[in-house]
Amino acid sequence: MRRILVRFFLIVGITIATVGVGFTFWLRDRYVVPIITYHHVGVPSDRSLFLNTVSAESFERQMQFLKRNGFEIISFDSLVKGIHRGFLFRRDTVLIQFDDGYEDNYVNALPILKKYGFPAMEFLISDLIGKRGFLTWDQVKEMEENNFVMGAHTRTHAYLPDLSPQKMRDEIVGSKKIIEQHLGHSIDYFAYPSGGFNVPAKQIAKEAGFQAAVTTNRGKDRYNEDLYELKRIRINDRDSRFGSIIMWFKLSGYYNLFRKSKDGE
Ligand SMILES: [Zn+2]
C-alpha cells in the first residue's frame, strides 16, 4: 500500500513539474515587449479627439507608474536588435511611442519624459510638419536632442491599403526622404497610418530601407516576431484612473494574447 502511494505521488509530482516547466517555456516564448502608443497629450480640442488624447496629468501619472515600478524603458534600436538576436527581454521592459507628431507632444510630453529620463519615439507625418497643431522642424530637432528617435508615418496619413502601388510608394518612401533631408540622418522606422497595411505596403517599407514597421492590433503575428508588423498598445486616459490594474495588464507583455487581432487591410 505504502509503495503504491509513493509511486502515485511520484507520478503526480513529475507530471506537475513537467507541466510547470512546459508552461514556463510557453510563457517565455509568448512574452512581447509592450510598445505603448500615445497621440495627443493635453486637452482634446474637440470631442472626436477624446479617445486619442491623454491629459498631461494622466501622462505624468503613467510615467510615474513606470518609474516607481522599475520598468526599463528601451529605445526602438534596442528592441529591433533584441528581436534579431532572439534576446530574452526583462519582463518589465517597455517602449514609449507617439504617433502623428502633434505639437502638444513637445509642449506637454517632452518635459515629463525629460524629468523621468525616459527615451521615446515619434512617428512624423512629413507633409504636416510645421502646419497648425503639428511639430515644427525646430521642435523635432530639440526632441531628438532629448532622447527622442524620429520615425516616418507617411506624407499625408493616407490609409495605405486603399492606394495604388505608385501612390503607396510615394507616401512611404517620400516621407522617409523628406524627413531625412531635414534632419540629416537616416530614418529607420515606419508606422502604418491607422495600422493599415498589406503585402505591398510591407514590401515597400522593407525596400525603402526601414528596419521595422509598426501597426496597431492588425496582422497575424501576435508575438512581434515579424519586424514589419509590430503590434502596439494604445494607452488612454482611463487606464491609470482606476488603480493600476489595467496598466499592469497592458504592460505585462501578455496583452496581445488576449486581444482580438484584425486583418492588416
Ligand atoms: Zn497616425
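This report describes the predicted model of one protein chain, from its overall make-up to a zinc site and two pieces of helix packing.

## Overall make-up

The chain has 265 residues, and buried residues make up 48% of them. Its secondary structure comes to nine helices and ten strands. Among the contacts in the chain with a separation of 6 or more, 67% are accounted for by residues 24 or more positions apart. The surface that the chain exposes comes to about 13700 Å², and carbon and sulfur atoms supply 57% of this area.

## The zinc site

Three residues of the protein serve as donors to the zinc ion, namely D100 through OD, H153 through NE2 and H157 through NE2, and they lie 2.1 Å from the ion. Along the sequence these donor residues follow the spacing D-x52-H-x3-H. The pair D100 and H157 links distant parts of the chain, since D100 belongs to strand β5 while H157 sits in the loop between β7 (148-152) and α6 (165-183), 57 residues apart.

These two donors can also be described by their accessibility. D100 has a relative accessibility of 6% and therefore counts as buried, the cut-off for that class being under 20%. H157, with a relative accessibility of 28%, counts as partly exposed.

## Helix α3 and its surroundings

Helix α3 spans residues 76-85, and its buried residues are F76, L79, V80 and G82. When the helix is seen down its axis, these buried residues fall within an arc of 160°, so they line one face of α3. On the other side of the helix, H84 and R85 are exposed.

The buried residues of α3 pack against five strands, which are β1 (35-38), β5 (93-100), β6 (120-124), β8 (189-191) and β9 (212-214). Strand β5 in this list is also the strand that holds the zinc donor D100. Just after α3 comes G86, a residue that takes a positive phi of about 65°.

## The packing of α5 and α6

Two packed helices are described by the angle between their axes and the distance between the axes. For helix α5 (residues 137-145) and helix α6, the axes come within 11 Å and cross at roughly 75°. An angle from 65 to 115 degrees counts as roughly perpendicular, and α5 and α6 are therefore roughly perpendicular to each other.

The residues that meet between these helices are W137, V140, K141 and E144 on the side of α5, and I178, I179, H182 and L183 on the side of α6.

Methods. Residues are numbered from 1 along each chain as its sequence is written. This is a predicted model: local features need pLDDT of at least 70, side-chain atom pairs count only at pLDDT 80 or more; totals for chains, interfaces and linings use all residues. Side-chain values use heavy atoms; hydrogens and water are left out. Buried means under 20% relative accessible area, exposed over 50%, partly exposed in between (1.4 Å probe, protein chains only). Helices (H or I, at least four residues) and strands (E, at least two) are DSSP runs, numbered from the N terminus. The arc is that of the directions from the helix axis to the C-beta atoms. Contact means heavy atoms within 4.5 Å. Donors are N, O and S atoms within 2.8 Å of the metal (3.2 Å for Na, K and Ca); water is not among the atoms, so sites may look incomplete. Accessible areas come from the Shrake-Rupley method with a 1.4 Å probe; for residues, only the protein chains shown count as cover. Axes are lines fitted to C-alpha atoms, for helices over the stretch in contact, and angles run from 0 to 180 degrees between N-to-C directions. Angles under 35 degrees count as roughly parallel, over 145 as roughly antiparallel, 65 to 115 as roughly perpendicular and the rest as oblique.
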